[in-house]
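Please look at the model shown here. The dialogue after it concerns the reading of aromatic pairs and nonpolar cores.

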Amino acid sequence: MSELSSLEQVEEQGRARLLAASSLEALAVAATQAYGKRSQLAALTAQLRGLTPDERRSLGQEIQAVRARLEAVAAERKAQLEASQAQRQARSERLDLTEASSLASARSGPLAEPLSPPAPRGHLHLVTQVREELEDIFVSMGFEVAEGPEAEDDWHNFEALNMPPHHPARGMFDTFYLKAGQPESVLLRTHTSPVQIRLMESRRPPIYAVVPGRCYRRDTPDARHIPVFHQVEALVVDEGISMAHLAGTIEAFTKAFFGPGRHARLRPSFFPFTEPSAEFDVTCWVCGGAGCRTCSGSGWVELGGCGMVDPAVFAAVGVDAERYTGFAWGFGIDRLAAARTGLADLRELLYNDVRFLNQF
Ligand code: DAH
């Protein structure tokens with residue numbers, strides 16, 4: 001009887017130890033203590049020898065049952081501990097792909113092996129690349145780079161550029177008007193020329209500036225026209241500036257941008273804000289001059305206009321036209337990009353198809 005009661009204690013103690021084990025190592029120790037060779041359970045088994053065969057059998061069966069139950073408790077506890085260890089491991093090995101944490105782990109040590117190849121990196125749009133290259137070319141020639149607003153008023157976009165209300169030349173610019181102020185008083189600039197006015201309003205000559213930027217016209221898109229396009233304006237105002245300076249600067253720019261192989265020409269033209277005026281053409285980059293759809297069969301494509309600043313423009317901004325002369329131009333950046341890359345249709349620049357953009 002005393003053995004049975006101490007067997008109950010042994011089982012209770014053993015169970016408590018096993019359940020209290022907080023790691024697999026601690027569990028192994030608890031199992032040895034509960035039913036190992038030197039355990040009290042083993043000691044009780046040893047005492048069986050001194051008993052009668054009947055007592056031995058029944059107590060022996062009791063001891064086996066206790067051992068089996070303790071082993072079952074140990075197995076269950078082992079499974080619990082293994083599961084929580086696996087969870088802990090998974091948590092510590094988890095790849096957190098949010099930006100903040102990858103920055104944090106990049107700072108604190110080597111990153112875990114990526115699960116998939118890194119996402120491909122993008123690059124600047126062709127038009128932005130060309131714009132930056134133009135800025136570099138003109139800065140190297142001594143120009144500064146200026147900017148102006150895309151939402152303009154009638155004064156800067158038209159009137160100060162010698163196009164008073166109802167002037168027929170306004171018809172060249174199919175204008176998007178904005179719902180602001182008086183009707184048709186605020187618009188999306190149709191060219192970068194209004195920044196000439198802003199430059200001359202804000203400072204005195206000498207001025208040597210280029211102005212890249214986005215422009216808008218209600219043009220029906222086709223191979224050579226897109227309603228949102230880019231220009232690079234130039235404005236030089238100083239004493240003694242002549243048409244020869246204009247021609248020489250365009251010549252230097254053409255060589256720097258296209259290299260020696262490309263022909264350019266100046267063709268007499270008309271703009272209200274320049275006198276005399278010219279248009280700047282390059283050999284068609286699609287047909288090489290033979291005539292095709294891109295150049296409407298002429299063999300040349302117009303890149304922009306230029307000329308000597310009209311005295312009426314100087315008068316509008318209070319520059320002394322007796323003392324100063326100047327030249328200006330406005331070239332299409334999208335067309336320059338097309339001319340450089342052989343692009344037959346400017347609309348491609350707006351579709352944002354990565355298969356197209358990746359080529360540049
Ligand atoms: N602003 C004109 C256009 O968009 C281009 C232009 C012509 C700009 C002559 C100039 C210039 O500065 O002098 O059609």
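The turns below go from ring pairs to the core.

Q: What kind of model is this, and how are residues numbered?
A: This is a predicted model, in which local features need pLDDT of at least 70, side-chain atom pairs count only at pLDDT 80 or more, and totals for chains, interfaces and linings use all residues. Residues are numbered from 1 along each chain as its sequence is written, and side-chain values use heavy atoms, with hydrogens and water left out.

Q: How many aromatic pairs are there?
A: Rings of Phe, Tyr and Trp (its six-membered ring) pair if their centres lie within 6.5 Å; planes under 30 degrees apart count as stacked, over 60 as edge-to-face and the rest as tilted. The count here is 13 aromatic pairs.

Q: Why is the pair of Phe253 and Phe257 classed as it is?
A: Their ring centres are 5.9 Å apart and their planes are at 20°, so the pair is stacked. Ring pairs also link Phe253 and Phe257 into a cluster with other residues, including Phe138, Trp329 and Phe331.

Q: Are Phe253 and Phe257 buried or exposed?
A: Buried means under 20% relative accessible area, exposed over 50%, and partly exposed in between (1.4 Å probe, protein chains only). Both Phe253 and Phe257 are buried.

Q: Which residues have the most contacts inside the largest nonpolar core?
A: A nonpolar core is a set of buried Ala, Val, Leu, Ile, Met, Phe, Trp, Tyr and Cys residues joined through side-chain atoms within 4.5 Å. The largest has 43 residues, and among those with the most contacts inside it are Val130, Phe253 and Phe257. A second, separate core of 26 residues includes Leu161 and Val313.
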